[in-house]
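Please consider the structure shown here, beginning with its overall architecture and ending with one part of its surface.

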Amino acid sequence: MNEVLIFASILSPVVLGFIELIKRTWSVPKNLVPLMSLIAGILIGFLAQPLTDLDLALRLWAGGFAGLSATGLFEIGNRRPGTTFRKKKEK
């Protein structure tokens, strides 16, 4: 289990950066960001096979942990209206 937590700690900033890139590129509803982060973490954990000798199930768990820690587990149930797209100020 220690390997999973270490791997999740390494993946968490990667997932956070990826989600920030998505949020700044496209308009995304705020209540979907935690779910996107979870899915991105699992996907990155799946694709990280060349970087570790962990089994597939353990990599997926580590990716899920990383995704949830990137945005905060409590935000999944938190309903927040709006989007992440920032409006430009009119001149």
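The paragraphs below proceed from the confidence of the model to its fold and then to a nonpolar patch.

The model is predicted. Its mean pLDDT is 82, and 79% of the residues reach 70 or more. Confidence can also be followed by element: helix 2 has the highest mean pLDDT, at 91, whereas helix 1, spanning residues 2-25, has the lowest, at 87.

The secondary structure consists of 3 helices and 0 strands. Along the sequence, the elements therefore read α-α-α, helices being DSSP runs numbered from the N terminus. Of the contacts between residues at least 6 apart in sequence, 71% join residues at least 24 apart.

The protein has 91 residues, and buried residues account for 33% of them. Its accessible surface amounts to about 6,600 Å², and carbon and sulfur atoms contribute 65% of that area.

One feature of this surface deserves separate attention. Leu43, Phe46, Leu47 and Leu56 together form a nonpolar surface patch of about 390 Å². Which element gives the most to the nonpolar patch? Helix 2, which covers residues 33-47, does so with 3 residues.

Leu43 illustrates how a residue enters the patch. This leucine lies in helix 2, and its relative accessible area is 47%, which makes Leu43 partly exposed. Because membership in a patch requires over 30% relative accessible area, Leu43, at 47%, meets that cut-off. Leu43 thus belongs to the patch alongside Phe46, Leu47 and Leu56.

Key
Residues are numbered from 1 along each chain as its sequence is written. This is a predicted model: local features need pLDDT of at least 70, side-chain atom pairs count only at pLDDT 80 or more; totals for chains, interfaces and linings use all residues. Side-chain values use heavy atoms; hydrogens and water are left out. Patches are made of residues with over 30% relative accessible area and no salt bridge: like charges are joined within 9 Å, nonpolar side chains (Val, Leu, Ile, Met, Phe, Trp, Tyr) within 5 Å. Accessible areas come from the Shrake-Rupley method with a 1.4 Å probe; for residues, only the protein chains shown count as cover. A salt bridge is a side-chain nitrogen of Lys or Arg within 4 Å of a carboxyl oxygen of Asp or Glu. Helices (H or I, at least four residues) and strands (E, at least two) are DSSP runs, numbered from the N terminus. Buried means under 20% relative accessible area, exposed over 50%, partly exposed in between (1.4 Å probe, protein chains only). Contact means heavy atoms within 4.5 Å. pLDDT is the predictor's confidence in each residue, from 0 to 100.
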